[in-house]
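Work through the following exercises with the model open beside you, and try each task before reading its solution.

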Amino acid sequence: MLRSDAFLPVAPTYDDIIFQARNQAYGAFVLRQQYRPTLSRALGLGVGLFLAGLAGPALYDHFWPKAMASDQEVMISADMMKLPEKIEEPPITLPKTEPAPAVNTVRNLPPEVRPEDEVIDENLPPTTDQLKDATSGTETAEGTGAEEVILAPEASAPTIQEKAVEVEAAPEAPFLRVEQQPEYPGGMDALRSFLSKNLNYPRAAASAGVSGRVYVSFVVNTDGSLAELQVLKGIGFGCDEEAIRVMQKMPPWKPGKQSGRAVRVRFNLPISFTLE
């Protein structure tokens with residue numbers, strides 16, 4: 001006898017709806033059907049392993065209790081805790097100190113006012129000859145040794161190198177702006193003429209078609225010489241080195257002045273490299 005619900009339609013699942021117009025034999029349909037059972041089994045297995053890891057130490061202590069320490073081990077640990085015996089050290093003997101040598105002394109008492117008939121020669125003050133090799137004291141006595149006199153070391157004359165160090169003074173920091181700026185001899189026109197005659201265009205820069213300005217910073221000393229040459233901003237390809245070479249070849253400049261005296265001044269100069 002057939003059941004009454006045998007021919008009732010089965011409700012489609014979410015996977016049936018998604019793969020209604022797709023190829024269910026490709027494999028994705030089967031993977032989606034097996035996803036939830038596989039996830040449930042993996043979750044149960046993970047929870048079981050976690051609980052087993054928590055209960056593992058308790059089960060191990062229950063079935064395999066730790067063995068008690070032997071008497072021999074207890075004896076060894078007790079012996080190790082004994083304090084070392086006190087070692088008697090021999091008494092420390094201090095070296096004997098010799099008494100300091102005594103100096104010659106001459107009787108020299110403070111003067112007292114007495115009548116003329118009671119004046120005694122012993123109360124007279126000592127002479128300078130007596131005090132030459134002795135000191136004043138209450139009684140006249142001979143010393144037991146020569147008195148050591150500590151003299152200050154003689155001051156030696158400074159050597160030539162020490163004199164040079166004392167005289168040499170640190171150079172003052174260069175000014176950035178002064179009342180009278182440094183100047184190339186002959187002015188800016190002479191400077192342009194010098195650069196055009198001595199400046200060589202680097203072959204690497206000419207081949208690469210590089211042009212621009214190289215900014216050189218330097219210090220003009222009080223005698224007009226140039227020092228501390230450095231490139232602030234360059235363009236490379238040998239132009240920076242060429243600018244430094246030409247600056248080193250320059251004659252002395254007119255130094256800058258502040259309050260009427262020559263001072264060291266830092267100066268910045270742009271040098272142009274232009275292809276014609």
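The exercises below treat a sheet, a helix packed near it in the text, and some single residues. The model is predicted, so local features are given only at pLDDT of at least 70 and side-chain atom pairs only at pLDDT 80 or more, whereas totals for chains, interfaces and linings use all residues. Residues are numbered from 1 along each chain as its sequence is written, and side-chain values use heavy atoms, with hydrogens and water left out.

**Exercise 1. The sheet**

Find the strand order of the open three-stranded sheet, and name its edge strands.

Solution. Strands here are DSSP runs of E with at least two residues, helices are runs of H or I with at least four, and both are numbered from the N terminus. Two strands pair if DSSP finds at least two bridges between them. The order is β4-β3-β7, with antiparallel pairing. The edges are β4 (226–233) and β7 (265–273), each of which pairs on one side only. From one strand to the next, the twist averages 25 degrees.

**Exercise 2. The pairings of β3**

How many bridges join β3 to β7, and how many join β3 to β4?

Solution. Begin with β7, to which β3 (residues 212–220) is joined in antiparallel fashion by nine bridges. Within this pairing Val220 has Val265 as its bridge partner, and Ser217 stands opposite Asn268. Turn next to β4, which also runs antiparallel to β3 and is joined to it by five bridges; here the bridge partner of Val216 is Val231. In the hairpin of β3 and β4, five residues lie between the strands, and Gly224 takes a positive phi near 90 degrees.

**Exercise 3. The crossing of α5 and α7**

Describe how the axes of α5 and α7 are placed, and explain why the pair is called oblique.

Solution. Axes are lines fitted to C-alpha atoms, for helices over the stretch in contact, and angles run from 0 to 180 degrees between N-to-C directions. The axes of α5 (residues 187–198) and α7 come within 11 Å and cross at roughly 120 degrees. Angles under 35 degrees count as roughly parallel, over 145 as roughly antiparallel, 65 to 115 as roughly perpendicular and the rest as oblique; α5 and α7 are therefore oblique to each other. On the α5 side the contact (heavy atoms within 4.5 Å) is made by Phe194, Leu195 and Asn198, and on the α7 side by Glu242, Arg245 and Val246.

**Exercise 4. Glu242 and its helix**

Is Glu242 buried or exposed, and what covers the buried residues of α7?

Solution. Glu242 lies in α7, residues 239–248. Buried means under 20% relative accessible area, exposed over 50%, and partly exposed in between, with a 1.4 Å probe and protein chains only. Because its relative accessibility is 11%, Glu242 counts as buried. The helix as a whole is mostly covered, with seven of its 10 residues buried, among them Cys239, Ala243 and Met247. The cover of these buried residues includes α5, α6 (203–208), β3, β4 and β7. Not counting residues up to four places away in sequence, Glu242 touches Asn198, Leu199, Asn200, Pro202 and Phe273.
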